[in-house]
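Please open the structure in your viewer and keep the selection panel at hand. We will go from one selection to the next and see what is there.

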Amino acid sequence: MAITTGSREQHDGTALWDELLEADGTPRPAAVALVTRLRELGFAELQERQLRADVDILTMGITFTVYSDGRGIDRAWPFDVIPRVIAASEWRRTEAGLVQRMKALNRFIDDLYNEQEVVHDGVFPAELLERSVNFRPECRGVHPAFGAWAHICGSDLVRDADGTLYVLEDNLRVPSGVSYVMENRLISKRAFADLFERQSILPVDGYTSELHKLLSSLAPEPAVSACVVVLTPGVFNSAYFEHSYLAQQMGVELVEGSDLLVDDDRVFMRTISGLQRVDVIYRRVDDVFLDPETFRPDSVLGVPGLMRAWRAGNVAIANAPGAGVADDKVVYAWVPDLIRYYLGEEPLLRNVPTYRCFYEDERRHVIENIGDMVVKPANESGGYGLLVGRDATAGELAARIGAIEADPRNWVAQPTLDLSTAPTICEDEIEPRHVDLRPFVLTGRTSYVTAGGLTRVALRKGSLVVNSSQGGGSKDTWIVETGFDGRADITPVTGRAAVSDPPATTAVDGGRQQQQVM
Amino acid sequence: MLLSRVAGNLYWAGRYLERAEDTARIIRSYSDTIVDLPVSVMSSWEPLLAIAGATEAFDEVSEPADEASIVHFLVAETANPGSVLMCVSQARENLRSTREVLPREVWQTLNDLFLFAESHRHEGVGRRSRGRFLERIVGESRRIDGMVMATMNRDAAYEFLAVGQSLERADMTTRVLGVHAAGLMAAGEDTKTHVDVQWMSVLSSLSALHMYHRSTRSPVAGPDVVSFLLGDPAFPRSVSSCLTRLTHRLERLPRADAVLPAVRAVEAEVARVDPADTDGKTLDHAMDGLQLALGEVHERIVATYLLAPVTA
């Protein structure tokens with residue numbers, strides 16, 4: 001049953017990076033307490049705790065919606081009870097890098113919709129801007145508060161075999177997943193209550209009040225209490241659970257487009273007491289559906305006149321319309337340059353080397369090496385259209401090369417990273433599975449980063465796709481304070497055995513032997 | 001603060017859930033009674049269609065008006081928006097997007113009820129299984145109501161659920177009186193032998209039999225039954241009680257002055273009915289009047305709270 005690091009190998013035979021274990025199987029410093037505990041508990045007990053967690057998820061109604069036969073179906077949120085651990089010292093550097101990145105991206109968006117100095121100065125190619133499908137001319141000349149456009153961002157981080165963290169992409173439109181960060185923590189606290197008592201794991205539940213503060217601060221006119229609403233496309237959206245969760249946690253209304261109306265360039269919601277003025281909209285509806293007067297005329301999710309009200313400065317919208325111009329996977333390749341250009345700083349977080357099929361030499365490199373590349377469409381999210389070269393058939397590769405040649409602007413490619421793994425409870429044993437991390441960054445007058453974020457795990461063996469819409473699950477993410485020696489600070493447990501959970505194995509299995517799990 | 005859309009969903013959910021329960025109860029009681037009586041006295045299932053207000057809708061599907069078709073139409077027909085199945089389904093659709101204002105287990109129980117009604121709908125038609133099926137519908141509706149009563153905040157969301165429920169319940173009671181009771185009063189001398197059984201059926205279709213005896217301390221008699229179901233303040237399903245509850249719920253909502261006069265108009269209509277001095281035809285006519293007056297209350301609620309104003 002013991003899992004050796006030998007089973008975690010990348011294609012050339014060298015070891016993958018495991019988030020909890022060193023190459024020789026000893027726990028990483030921040031994970032000592034956790035791994036020790038896991039080994040004490042044994043697989044049967046961990047399975048038991050996994051089962052209890054699954055039941056919790058069902059009864060708490062934590063769901064996401066998948067689409068099948070045109071019907072939305074609520075599925076329980078797949079969760080692996082073994083957390084992923086990151087040392088607080090590493091996290092502080094990552095946090096600083098994320099804040100830096102969002103500052104630069106917000107400056108970039110503000111610049112694109114106003115002076116476009118980045119283009120005039122030759123840093124960002126004019127032809128790319130002209131061909132960007134997410135650039136919204138309707139947003140030209142608008143100055144949102146604090147110069148912030150992408151107020152809420154979810155950036156995806158991955159770790160390569162050598163342990164380096166990379167930013168894989170930035171989601172600046174309507175990133176989702178933050179509600180699961182908080183729900184995962186609730187469940188993991190139940191599963192490992194003793195570890196939370198004995199070491200310092202940074203809390204995650206400050207997010208909703210930070211979000212509420214940020215949104216309130218965007219109100220066009222300073223008010224005692226700004227009227228904030230969450231705008232959802234409705235109950236059939238895959239992230240509806242999260243929309244509802246965030247509205248509830250902030251104590252604000254969850255509205256649909258038909259609940260709002262614009263009169264005299266001001267936004268109101270329809271309530272049983274009459275119309276009530278709305279100051280700030282946290283929208284979870286894509287740009288093109290926001291306002292049928294401006295964008296898609298067939299949209300029933302939006303609010304006619306909303307863009308007028310926003311341009312007139314009578315309502316704040318987060319994220320601002322047009323913010324998606326900067327999460328284009330082509331723009332991604334320029335982010336390090338943008339950080340240097342706007343902030344005069346070196347990027348603290350690394351970008352994955354990105355080949356832009358837009359340039360002939362880079363395109364040739366991609367096509368010649370397509371078997372080692374991950375090829376992505378520039379404007380899709382959710383992992384759709386992503387091709388992992390080494391898993392693809394010859395036919396799929398040829399088809400993708402054809403698609404690249406037909407529309408080079410729409411494609412970027414990156415070398416295949418050997419995504420790190422984390423021990424995960426599988427059918428018969430604990431096995432390594434690939435993980436990524438989506439922290440959430442708030443940007444307004446000040447910045448805030450979630451402590452950790454959503455660790456997504458590819459539950460299928462060998463799979464690199466972590467999206468919940470495609471068979472991914474999630475784990476709780478522990479940011480653990482470590483002492484001077486780098487080891488997790490652990491309070492000794494002398495005399496406290498009575499309060500910690502005894503392993504249930506003996507009771508359940510009638511004395512079956514404890515198993516070495518990892 | 002309550003969005004008009006959410007208020008509307010709750011109001012309709014309250015109405016549909018009550019309608020599902022009431023329809024189930026009426027079919028159950030009618031089925032129990034009809035088997036007890038000689039064919040010469042009571043043989044037609046068509047009054048059930050009249051009580052449900054579904055006579056015309058049924059005629060459109062052009063089935064023979066026999067027991068199986070009528071009960072199927074009222075219990076399980078998906079093309080009939082008033083069938084028990086569709087009422088449960090519509091209550092569920094209305095609450096689906098308003099889950100955040102309800103205690104969690106309310107939605108879960110309603111969802112389970114729908115899944116049961118959908119998968120077992122055929123049991124609601126056959127005579128042998130019908131009773132158990134309808135019993136479950138009534139019982140689960142009572143359970144949901146109990147959860148709401150015991151665990152839901154008394155905020156505007158609750159008020160709309162209760163307003164929908166009270167209005168629907170008042171309406172159902174007038175329908176039972178207008179069709180079933182009026183039919184009995186109009187019946188000729190030759191059917192009088194079994195009249196007590198049928199008055200008891202009227203009461204039990206509203207779960208009122210036992211409470212009637214406790215309240216009146218007298219044997220079942222037509223005018224007393226009408227008086228009890230219309231005006232007894234002690235019985236929660238009487239039209240008067242429903243109206244009192246409606247008034248109390250509305251008084252806690254903003255802008256209730258736009259709706260309350262319509263409720264008072266219904267109360268005035270109720271007061272005008274004199275059960276001791278009424279024949280079947282007059283009673284039927286009076287109940288039609290009450291239903292119109294209740295319809296006006298509905299219109300006022302929609303106009304005041306639920307309709308979307310187009311401009312500020």
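One cut-off comes in handy before the first stop: an angle over 145 degrees between two axes counts as roughly antiparallel. Keep in mind, too, that this is a predicted model.

**Stop 1: colour by confidence**

Colour everything by pLDDT to begin. Chain B has a mean pLDDT of 90, with 95% of its residues at 70 or more. For chain A the average is 87, and 86% of the residues score at least 70. Now select residues 1–8 of chain A, where the pLDDT is below 50; this stretch still has 25 contacts in the model beyond near neighbours in sequence. Residues 492–515 of chain A also have a pLDDT below 50, and here the model shows 24 contacts beyond near neighbours in sequence. As for the scores of the model, ipTM is 0.85 and pTM is 0.84.

**Stop 2: α1 and α5 of chain B**

Select residues 4–34 of chain B, helix α1, together with residues 84–96 of chain B, helix α5. At what angle do α1 and α5 of chain B pack? The angle is about 160 degrees, and the axes are 8 Å apart. α1(B) and α5(B) are therefore roughly antiparallel to each other, and α1(B) passes α5(B) in a left-handed crossing.

Show the side chains next. On the α1(B) side, the contact is made by B:Asn9, B:Trp12, B:Ala13, B:Tyr16, B:Leu17, B:Arg19, B:Ala20, B:Thr23 and B:Ala24. Facing them, α5(B) brings B:Val84, B:Cys87, B:Val88, B:Gln90, B:Ala91, B:Asn94 and B:Leu95. Coloured by class, this contact of α1(B) with α5(B) has eleven nonpolar, four polar and one charged residues.

**Stop 3: α1 again, with α9**

Keep α1(B) and add helix α9 of chain B, residues 195–204. Here too the packing angle is about 160 degrees, while the axes lie 9 Å apart. α1(B) and α9(B) are therefore roughly antiparallel to each other. Which hand does the crossing of α1(B) and α9(B) have? It is right-handed.

The residues to pick out are B:Ser29, B:Tyr30 and B:Thr33 of α1(B), plus B:Val197, B:Gln198, B:Ser201 and B:Ser204 of α9(B). By class, the contact of α1(B) with α9(B) holds two nonpolar, five polar and no charged residues.

**Stop 4: the two domains of chain B**

Give residues 1–152 of chain B one colour, as domain 1, and residues 154–312 another, as domain 2. Taken over C-alpha atoms, the centres of domain 1 and domain 2 of chain B are 19 Å apart. Each of these two domains of chain B puts 30 residues into the contact. On the side of domain 1 of chain B that touches domain 2 of chain B, α1 and α2 (46–51) each supply at least two residues. The largest share of that side, 18 residues, comes from α1(B). Its residues divide into 18 nonpolar, six polar and six charged.

**Stop 5: where the chains meet**

Now bring both chains into view. How many residues does the contact take from each of chain B and chain A? Chain B gives 19 residues and chain A gives 21. On the side of chain B that touches chain A, the largest share is three residues and comes from α1(B). That side of chain B divides into eleven nonpolar, three polar and five charged residues.

**Stop 6: two backbone details in chain A**

Zoom in on A:Ala318 and A:Asn319, which are joined by a cis peptide bond with omega of about -10 degrees. A:Asn319 sits in the loop between β12 (316–318) and α11 (335–343) of chain A.

Finish at A:Phe146, in the loop between α4 (126–131) and β4 (152–159) of chain A. A:Phe146 is not a glycine, yet its phi is positive, at about 60 degrees.

Technical notes: Residues are numbered from 1 along each chain as its sequence is written. Chains are lettered from A and ligands numbered from 1 in the order in which they are written. This is a predicted model: local features need pLDDT of at least 70, side-chain atom pairs count only at pLDDT 80 or more; totals for chains, interfaces and linings use all residues. Axes are lines fitted to C-alpha atoms, for helices over the stretch in contact, and angles run from 0 to 180 degrees between N-to-C directions. Helices (H or I, at least four residues) and strands (E, at least two) are DSSP runs, numbered from the N terminus. Angles under 35 degrees count as roughly parallel, over 145 as roughly antiparallel, 65 to 115 as roughly perpendicular and the rest as oblique. A crossing is left-handed if the near helix is turned anticlockwise from the far one by less than a right angle, and right-handed if clockwise. Two residues are in contact if their C-beta atoms, placed from the backbone, lie within 7 Å. Ala, Val, Leu, Ile, Met, Phe, Trp, Tyr, Cys and Pro count as nonpolar, Asp, Glu, Lys and Arg as charged, and the others, Gly among them, as polar. Domain bounds come from an automatic or database domain assignment. pLDDT is the predictor's confidence in each residue, from 0 to 100.
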